[in-house]
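Okay everyone, thanks for coming. I'll put the sequence and the model up, and then we'll walk through a few spots together.

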Amino acid sequence: MIEEDAALRNGSRGLSGQWADAVGVRPRTTERHITVHKRLVLGFAISILALLVVTMIAVLLSVRFEECSTAAAADSPARASGNGSLPGAARLNHDAGEPPGRQEEAPGEEEEWQRRRQPPPWTQLRLPRHLRPLHYNLMLSAFMENFTFCGEVNVQIECLNASRYIVLHAHRVHIEAVQVAEDKLSGAVRVSSFFLYPPNQVFVVVLNRSLEAQRSYNLKIIYSALIENELLGFFRSSYVLHGERRFLGVTQFSPTHARKAFPCFDEPIYKATFKISIKHQATYLSLSNMPVETSVFEEDGWVTDHFSQTPLMSTYYLAWAVCNFTYRETTTKNGVVVRLYARPDAIRRGSGDYALNITRRLIEFYEDYFKVPYSLPKLDLLAVPKHPYAAMENWGLSVFVEQRILLDPSISSISYLLDVTMVIVHELCHQWFGDLVTPVWWEDVWLKEGFAHYFEFVGTDYLYPGWNMEKQRFLTDVLHEVMLLDGLASSHPVSQEVQRATDIDRVFDWIAYKKGAALIRMLANFMGHSVFQMGLQDYLTIHKYGNAARNDLWNTLSEALKKVGKFVNIQEVMDQWTLQMGYPVITIMRNETAGNIVGISQEHFIYDIDAKTTDPDPGSNSYLWQIPLTIAVGNTSHISSEAIIWVSNKSEHHRIAALDETSWLLGNINQTGYFRVNYDIRNWRLLIDQLMRNHEVISVSNRAGLIDDAFNLARAGYLPQNIPLEIIRYLSEEKDFLPWHAASRALYPLDKLLDRTENYNIFNEYILKQVATMYLKLGWPTNNLNRSLVQAAYQHEELRREVIMLACSFGNKHCHQQAATLISDWISSNRNRIPLNVRDVVYCTGVSLMDEDVWEFIWMKFHSTTAVSEKKILLEALTCSDDRNLLNRLLNLSLNSEVVLDQDAIDVIIHVARNPHGRDLAWKFFREKWKILNARYGEALFMNSKLISGVTEFLNTEEELNELKNFIKSYKEGAASSFSRAVETVEANVRWQMLYKEELFQWLRKSLTH
Ligand SMILES: [Zn+2]
């Protein structure tokens, strides 16, 4: 009844050709559908003959179609038999590639809005607020043999303000029929027309009369779409088992791709309940957020799984999968069933057991920490061969790319184990932060991502108490890392307004994750961890099954502080950190005349001082922060710390007790604050002296912090170039991993600035000298570690690995020999006896030093190994070659998806760019293939920005800077913010070369001759 009208109107503009195609190959057998055809044919003036011919072809092919629409007519999902194929689905009216336009709008609608002098509701970037979904009934039939699916969605919607329009999201789906009925009175509301509006990825239903406020309605939509070959929406992926290619279908909806799988109100604020049914061939199984309630088997080899209803949730973490995986399971003490699903061979090998085991423990940890039980009866972890991200936290059905969840203990290094662990801890945290309590809108995505990232460290500490992740590793992996990015003038605030779907991807960057986590850590530290934890418990309890914005969090935390008698307006403090980009550098200057008075000033830290002047918002009051500064005073034997000093002015004076001539000052105790600290040179000298005499007076985290601050302050020109190089001299006595790790990371960009200069060997020699003592002391690991040993020896093994890495990459002869011997032994015996924890270093060193046969050997091993962790490091080792032909060959092979997984191709290109012999090759390759790369990764979060920064960050000549600028000019579209970051970084590199390179070399020459 409705469909005919609507179909006619829908088809009457522009799309008639596509509609005709779609209709032509989808002959129907019922009288009702023949009527549709006739009217369409008349309406479009397409000859009846054509229809007859197509119908005849289909009849000849004996294709029987009873799609979701048949079921709709019968109102029974069980009747939706999908044994026929869906050849027409390939010709759906995809809007991808079409110019944005109004060609699909219903006639007359726009004119009416023009008369009203209002923009039509579907042209707004956000959904109009007059409707709210309450419940979705979603019935899907998945056709894995031709990668199509069709669905019927019934949305119960509540009308808040009267309107004739229903606007919801839909993208790349083919809408076949629409029906609207009043919920209780069962009266149909006549649909006047419906159309897709691709620019905003919405679907509009125009009704003959208004929906009335305070009433609820049922919107039924029948549609079909492709199970896409790209990694978003409902997509397919494959793997090889016993020589046979097998396929699976899985979803990735975050942030805005649910609309590609079903028409829905695809904004996080529209929480609703969902009841999903999936029909598939019985050779597959299906999964979704909730457990299967009933399965209905049919004679023709099809089965329909009906899942239990979800609690209130947003669309972006809804999920389903159709696969033929197997699983192992465990149960938490509160009865949550945890299963790990993966390809059968991986399950059989036990590669999922580690993940399964820690997941059970982590659910128990979070339940205890948050005092809120896990919300669903089960949690499935799904390991898929291909995924755009490491993982996605879908509630009850979290999806992981295999490399981030499968782990074979006999061939995995500690860092691989750490990677797997932290990804799981992260996704599990989201079951609370994100799924149970969801940000109101994407501007505050850092709320969920910052928390999940912070908890990676807290949760890992629970699993491995001796590792001190939150106190130590957080610094190098999060704080130091993000301060590099956030020190650019082209950075942005952690909360940033976004509207367009295409811009939403942008907010998922390291600033959201890492700065978010760093700010949360600073907050936890100045609040005190137990009050902070109490505040989080309240926040989750108050907002569970709902949405919350950052102010909701600030208010709850302020209340928590009040309960313990402290009065801090958290919102006032945190707004400065979340709404302003960047971070301050605090300078602590001793007042030489007035004993214990120090001057403390703050300014916006920025690498390229020239870039500061181009700031669009210069004269404003911004770039002041309320800084919780902690200061310690120390001398040769002891250290005393002061309480928090809140610094909120540009410059202030403070009296520091116990400060005398010989004592030094140290700011930001344990580096809990998100800022850098600089001192007068005399104080730097006192600190260096202290490190050389007895470094243990200063905490491990502050030793790492001093190294990172010094290198970066020097890079930005706040400090003389020799200070950081003098600091690392004490490392020969340093037995803790973290300061070495901080030094290694801080040296890395400096190394890349110098590695193509003629005096590079002076720098090289200096670093080798600092590494030599510890390299000798620690020696090489043996390969007989078992898991429990690894756990106990984490610090020691990571330190040894770090030192070996530095020694080998800066050319320590013994290190080179050792690597070559190990590789030769592997080749001649065909037994890999290289210790797990240094395999990447050995492979890379071997490839760079030895001849082409080694490269071929590693290439062969890369193809033959099935262990994902091993595959990754073998591939990266291939980028270490000095041979430009091999590097070029590898670059060209990287785009062949059969050889290199899509997500790994980026790593290949980036690693070639890090190699001084390959930097220009990767840069050239990137420019030549940009169109292909952008098409492949453009829509995936992180990928493009990772690629762009990875390829450009170490370009450092005038010529390269010009090439970059010219390249950007010629490709205006897409990735603008990544490119402006790239330009700023390269400009800063060029500037550093010009201003400071000589100063550095002069000091090095002098120091080496002593
Ligand atoms: Zn996350």
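Quick bit of vocabulary before we start: I'll call a residue buried when its relative accessible area is under 20%. And keep in mind that this is a predicted model.

Let's go to the zinc ion. Which protein atoms are its donors? They're NE2 of H426, NE2 of H430 and OE of E449, sitting 2.0 to 2.1 Å from the zinc. Along the chain, that gives you the spacing H-x3-H-x18-E. The two histidines share helix α9, residues 414–430, and they're 4 residues apart, so about one turn of the helix. Buried or exposed, then, for H430? Its relative accessibility is 0%, and under 20% is our cut-off, so H430 counts as buried. H426 comes out at 6%, so that one is buried too.

Next, helix α15, residues 550–563. With 14 residues at 1.5 Å each, you'd expect a span of 20 Å, and the end C-alpha atoms are indeed 20 Å apart. Its buried residues include R550, W554 and L561. Among the elements covering the buried residues of α15 are α10, α13, α14, α16 and the strand β22. Right after α15 comes G565, with a positive phi near 80 degrees.

Last one: α24, residues 794–809. Its 16 residues should span 22 Å, and the end C-alpha distance of 22 Å agrees. Here 12 of the 16 are buried, so the helix is largely enclosed by the rest of the structure. That buried set includes charged-letter entries you can spot on screen, such as E797, R800 and E802. After α24 you get G811, again with a positive phi, near 95 degrees.

Key
Residues are numbered from 1 along each chain as its sequence is written. This is a predicted model: local features need pLDDT of at least 70, side-chain atom pairs count only at pLDDT 80 or more; totals for chains, interfaces and linings use all residues. Side-chain values use heavy atoms; hydrogens and water are left out. The expected span of a helix is 1.5 Å times one less than its number of residues. Buried means under 20% relative accessible area, exposed over 50%, partly exposed in between (1.4 Å probe, protein chains only). Contact means heavy atoms within 4.5 Å. Donors are N, O and S atoms within 2.8 Å of the metal (3.2 Å for Na, K and Ca); water is not among the atoms, so sites may look incomplete.
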